[in-house]
Amino acid sequence: MPGRDARATSEVAPSIQAPSGIWLTHGKDGRLTLYVHSADGLRRWTQERAGGSRWTVADIATGGSLGHLTVVQDTHGYVHFVGRRERTSGSNPAVDIVYAIQYQTGRPITAWRSLGNPHKDAPGGHRIGAPDVVVSASGEVHIVLRNAGGGLMLRRERPDGTWRGWEDLKGARMEGDPVAVALASGTVEFFAAVEGGTLYWQQKEAGGDWHEAQPSRLAVLAGTTAALETAPGRATYYWTDPAGGVVGFRAGAWPMALGGAPGDGPHAAIRVAVDGYDCTVLAHQGADGTAAVGLGVTENEANGVWWSDTGVRCLGTPTLALDGRGMLVMAVVGEDGEPRMARQTEGPGLTLDDWRTV
């Protein structure tokens with residue numbers, strides 16, 4: 001079997017039962033890195049060589065003190081980590097947002113830096129949501145989260161590496177957590193499900209401020225939204241309709257019913273070349289607990305998304321990435337807590353090879 005089974009090579013058997021996230025990144029040297037976060041901490045596997053089938057033994061990249069973690073990679077290949085940390089001092093829990101970065105594939109993560117909390121009072125600070133993070137084309141880190149009142153808070157890094165204070169982008173009655181997307185134009189957008197609809201923030205210009213939140217009455221199952229740039233400077237948002245099925249939406253257009261039978265978790269989305277076409281691939285944990293994949297032509301999804309059940313049972317949302325050849329790689333956490341991976345095969349259509357334990 002390609003790759004080594006971490007259960008057989010690690011001295012301590014892993015105990016991941018309910019992962020809060022899984023991510024794949026593609027380094028400048030062509031190697032992939034897989035991250036899985038759970039209550040046990042952040043585990044990391046790295047390819048020994050680009051395109052190879054052998055991976056390093058899982059290592060613990062950070063402790064288990066983060067209740068939530070978000071991982072994103074920027075255009076320079078740096079991997080950014082933002083977490084919601086909760087610590088107890090006496091009888092009062094203290095919550096703050098922490099940040100770290102990994103500059104090279106397989107290298108250590110920097111020390112965690114606290115970015116504070118938008119609320120000064122402990123009760124308000126305890127009610128903040130989980131952060132999302134993106135990095136703009138200029139390299140500025142943007143962190144957004146739901147505040148205690150259900151509005152949107154932003155903290156971003158200046159071009160010189162210093163951090164601005166928390167900015168209140170208003171909004172109210174947010175359900176779940178916001179989603180951010182960085183566009184090739186240099187601008188950043190935010191999207192959130194709220195009671196009775198959605199809110200959408202669009203940046204006026206790269207590095208500038210945001211327009212006032214634009215509301216809609218679209219029905220969104222909170223906690224299911226994903227964002228993907230599908231044309232230069234334009235994002236498409238995907239979510240689960242409360243009545244069932246996947247919806248696609250671009251600002252200024254009608255929502256699109258895309259089919260599928262998702263569970264209640266978020267979606268993963270990526271663009272990949274299939275038979276010479278620019279296609280969008282969606283993935284989620286299906287209602288029956290198995291990982292499902294959908295394929296449609298990018299920005300032509302309304303004409304059909306073809307869904308396939310992989311048959312692989314998973315915990316949470318799968319992750320998608322492209323390898324050094326531009327081929328799709330999909331990874332999931334199995335019901336035993338171990339990550340499994342499948343790759344796009346050569347040939348017509350989108351076909352994944354056998355699933356293998358990393």
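Reader: Which residues form one aromatic cluster here?
Author: F191, Y200, Y237, W239 and F249 do. Keep in mind that this is a predicted model.

Reader: How many aromatic pairs does the structure hold?
Author: It holds 9. One of them is Y99 with W163. That pair is edge-to-face, 5.4 Å centre to centre, with 70° between the planes.

Reader: Where do Y99 and W163 sit in the chain?
Author: Y99 is in strand 7, residues 92–102. W163 is in the loop between strand 11 and strand 12. They are 64 residues apart, and the pair links distant parts of the chain.

Reader: Is Y99 buried or exposed?
Author: Y99 is buried. W163 is buried as well.

Reader: Back to the cluster. How are F191 and Y237 arranged, stacked or edge-to-face?
Author: F191 and Y237 are stacked. The centres are 4.6 Å apart, and the planes are 20° apart. This pair also links distant parts of the chain. F191 belongs to strand 14, and Y237 to strand 18, residues 234–240. The two are 46 residues apart.

Reader: Why does F191 count as buried?
Author: Its relative accessible area is 1%, and buried means under 20%. Y237 is buried too, with a relative accessible area of 1%.

Reader: Strand 14, then. Which strand do 6 bridges join it to?
Author: Strand 15. Strand 14 covers residues 188–194, and the two strands run antiparallel. F190 has W201 in strand 15 as its bridge partner.

Reader: What happens between strand 14 and strand 15?
Author: They form a hairpin with 2 residues between the strands. G196 takes a positive phi there, near 85°.

Reader: How many residues of strand 15 are buried?
Author: 5 of its 6 residues, so "mostly covered" is a fair description of strand 15, residues 197–202.

Reader: What about strand 15 and strand 16, parallel or antiparallel?
Author: Antiparallel, over 3 bridges. Strand 16 spans residues 214–216. T198 has S216 in strand 16 as its bridge partner.

Reader: New topic. What order do the strands take in the open sheet with strand 9?
Author: The order is 9-10-11-12, with antiparallel pairing. Strand 9 (132–135) and strand 12 (167–168) stand at the edges. Each has a single partner strand, so one side of each lacks a neighbour in the sheet.

Reader: And how many bridges pair strand 10 with strand 11?
Author: 5 bridges, in the antiparallel sense. Strand 10 is residues 141–146, and strand 11 is residues 152–156. I143 has R155 in strand 11 as its bridge partner.

Reader: What holds strands of a sheet together, in general?
Author: Strands of a sheet pair through backbone hydrogen bonds, either parallel or antiparallel.

Reader: What about the sheet with strand 25, which strands are at its edges?
Author: Strand 25 (319–322) and strand 28 (356–357) are the edge strands, and each pairs on one side only. This is an open sheet of 4 strands, in the order 25-26-27-28, with antiparallel pairing. Strand 25 pairs with strand 26, residues 328–333, over 4 bridges. L320 stands opposite M330 in strand 26.

Reader: Which residues have the most contacts inside the largest nonpolar core?
Author: V281, L320, L328, M330 and V332. That core has 16 residues. The elements giving two or more residues to this core are strand 21 (268–274), strand 22 (277–285), strand 23 (290–297) and strand 26. Strand 21 gives the largest share, 4 residues.

Reader: What is L328 in contact with?
Author: Leaving aside neighbours within four places in sequence, its contacts include I270, V272, V281, L320 and L350. A342, R343 and Q344 are also among them.

Reader: Any cysteines to look at? How many disulfides are found?
Author: A search of the whole structure finds 0. C279 is buried, at 5% relative accessible area. C314 is buried too, at 2%.

Reader: Last one. Where is R107 found?
Author: R107 is in the loop between strand 7 and strand 8 (113–114). R107 counts as partly exposed, with 49% relative accessibility. Beyond its neighbours within four places in sequence, R107 is in contact with R44 and Q102.

Reader: How far is R107 from T46, by C-alpha atoms?
Author: 9.9 Å separates them, and they are 61 residues apart along the chain.

Note on methods
Residues are numbered from 1 along each chain as its sequence is written. This is a predicted model: local features need pLDDT of at least 70, side-chain atom pairs count only at pLDDT 80 or more; totals for chains, interfaces and linings use all residues. Side-chain values use heavy atoms; hydrogens and water are left out. Two strands pair if DSSP finds at least two bridges between them. A nonpolar core is a set of buried Ala, Val, Leu, Ile, Met, Phe, Trp, Tyr and Cys residues joined through side-chain atoms within 4.5 Å. Buried means under 20% relative accessible area, exposed over 50%, partly exposed in between (1.4 Å probe, protein chains only). Contact means heavy atoms within 4.5 Å. Rings of Phe, Tyr and Trp (its six-membered ring) pair if their centres lie within 6.5 Å; planes under 30 degrees apart count as stacked, over 60 as edge-to-face and the rest as tilted. A disulfide is a pair of cysteine sulfur atoms within 2.5 Å.
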